[in-house]
Amino acid sequence: MFDARQLTGPPLPSVRWEGGRDGRLVLLDQTRLPLEERLLACHKVPDVVEAIRQLRVRGAPAIGIAAAYGICLAAARLDPSQDVSQWREELQHARTELAQSRPTAVNLFWALDRMMRVFEETTTAKNVSLSELQDRLLAEAHAIRDEDRQMCHSIGRHGADLLPPGSGVLTHCNAGGLATAEYGTALGVLFTAHDQGKQIHVYVDETRPLLQGARLTTWELAQHSVPHTLICDSMAAQVMREGRVQAVITGADRIAANGDAANKIGTYGLALLARAHQIPFYVAAPSSTFDLTLESGEAIPIEERPAEEVTCGFGRRTAPEGVDVYNPAFDVTPASLITALITEHGVIRPVDRSSIERCLSPTPPL
Ligand code: MRU
């Protein structure tokens, strides 16, 4: 039986590539946590699609990294006797399959677009061999992963400055190392504040229906020895009213040009509660989570997931057979409720179109 007090050693990466251009993608199966640390090898695109759909790999940046490696798996299966247009057709097919795995996190599409751009640049620049193309695509997927690592640590540094010593901080879902290449966004802020000796205490929403908070965030906080307390989602208002929380911080799956932010279902309610209790509400996310093509959160597609996640979570039926269920996996928090956005480039405050544009374009170096 898993015991949070027994955790030792460095955390396992949630997404990793083993081998060279004909290697494989290895995921830490997050559906098994915290009971079991089981690795899952993906050899072909449908394996990656299944893993993303089932939330074996989850969290916006991690999904993007896994999808980028999915393109590498497709590239490894290309036929050297075919020409560039046939390779393009194969990779576009892989891109479409991967893009259909989940709709909300923009990092998925951002990473796939980056990979396809590299395909075009590599194949138009010169008469490229298949192995050169495969190497170039793998290098790009590694770069997406490495940049995400850097962005998370940078978000951690910027965000930690916002937390006064001794703060109680509430978080929702899991925006940690499991959801990214390493360290996390919202959790990156909390890890940094903890390492700075700020003596924070984290309240973790369990995050119905799939319990990413209870299963994953507590697991990560225990590994980093950050003091924390697990609460049911419905307890957040009471915990705030008791004065235990001085800040709320979450991740995001897609942030529109005006600062409206989609994140795990329940985030919007938390932002309303934070406003009612005059508690700052922060959203931590890398630039890869911004979708500046969308004017507002109205246009963000919200994934709906199977009813069984609500009626029969974790193998036990908790509602009558055939009950009508609505199960949106995400909601959108309006920019007006967000105190600040924390990015790798700095803190965006006030949260509005012009501050976002100023911070993100042109992209300054890290
Ligand atoms: O459905 P999930 O578990 O993929 O949802 C994840 C979240 O909502 C995270 O908060 C978000 O992706 C940010 S992860 C750094």
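Which residues come nearest to the ligand, of the 18 around it? In this predicted model, R58, A60, R102, N263 and K264 come nearest, out of a surrounding set of 18 residues.

**The ligand site**

The composition of the shell around the ligand is mixed, with eight nonpolar, six polar and four charged residues. Two elements of secondary structure, the helix α2 (60-76) and the strand β9 (261-264), each supply at least two residues of this shell. A60, one of the residues that come nearest to the ligand, falls within the numbering of α2 (60-76), while N263 and K264, also among those that come nearest, fall within that of β9 (261-264).

The shell also draws on both domains: domain 1 (3-151) and domain 2 (155-360) each give residues to it, and the ligand therefore lies between them. In terms of empty space within the protein, the ligand sits in the largest cavity.

Polar contacts between the protein and oxygen atoms of the ligand include the three set out below, in which one partner is a backbone atom and the other two are side-chain atoms, from R102 and from D253.

| Residue | Protein atom | Ligand atom | Distance |
|---|---|---|---|
| G59 | polar backbone atom | oxygen | 3.1 Å |
| R102 | N or O atom in the side chain | oxygen | 2.8 Å |
| D253 | polar side-chain atom | oxygen | 2.9 Å |

Taken alone, the ligand of these contacts exposes 410 Å², and the protein buries 100% of that area. R102 appears in two of these descriptions, since its side chain provides an N or O atom at 2.8 Å from a ligand oxygen and the residue is also listed among those that come nearest to the ligand.

**Backbone geometry in the loops**

Apart from the ligand site, some backbone features deserve a separate description. The peptide bond from R208 to P209 is cis, with omega near 0°, and P209 belongs to the loop that runs between β5 (201-205) and α7 (212-223). A cis peptide bond, again with omega near 0°, leads from R349 to P350, and P350 is placed in the loop between β14 (346-348) and α11 (353-360).

For Y183, the feature concerns phi, which is near 75° and thus a positive value in a residue other than glycine. Y183 is likewise found in a loop, namely the one between β4 (168-171) and α6 (186-195).

Definitions and conventions. Residues numbered from 1 in each chain as written. Predicted model: local features only at pLDDT ≥ 70, side-chain atom pairs only at ≥ 80, totals over all residues. Heavy atoms only, no water. Near = heavy atom within 4 Å. Polar contact = N/O pair within 3.5 Å; in protein donor to acceptor, adjacent residues only side chain to side chain. Areas by Shrake-Rupley, 256 points an atom, 1.4 Å probe, with all protein chains shown as cover. 1 Å grid on protein atoms, 1.4 Å probe; cavity = no way out; pocket = protein on both sides within 12 Å on 5 of 7 lines; lining within 4 Å. Sits in = over half its atoms within 2 Å of the grid points. Helix = DSSP H or I, 4+ residues; strand = E, 2+ residues; numbered from the N terminus. Nonpolar A, V, L, I, M, F, W, Y, C, P; charged D, E, K, R; others polar. Domains from an automatic or database assignment.
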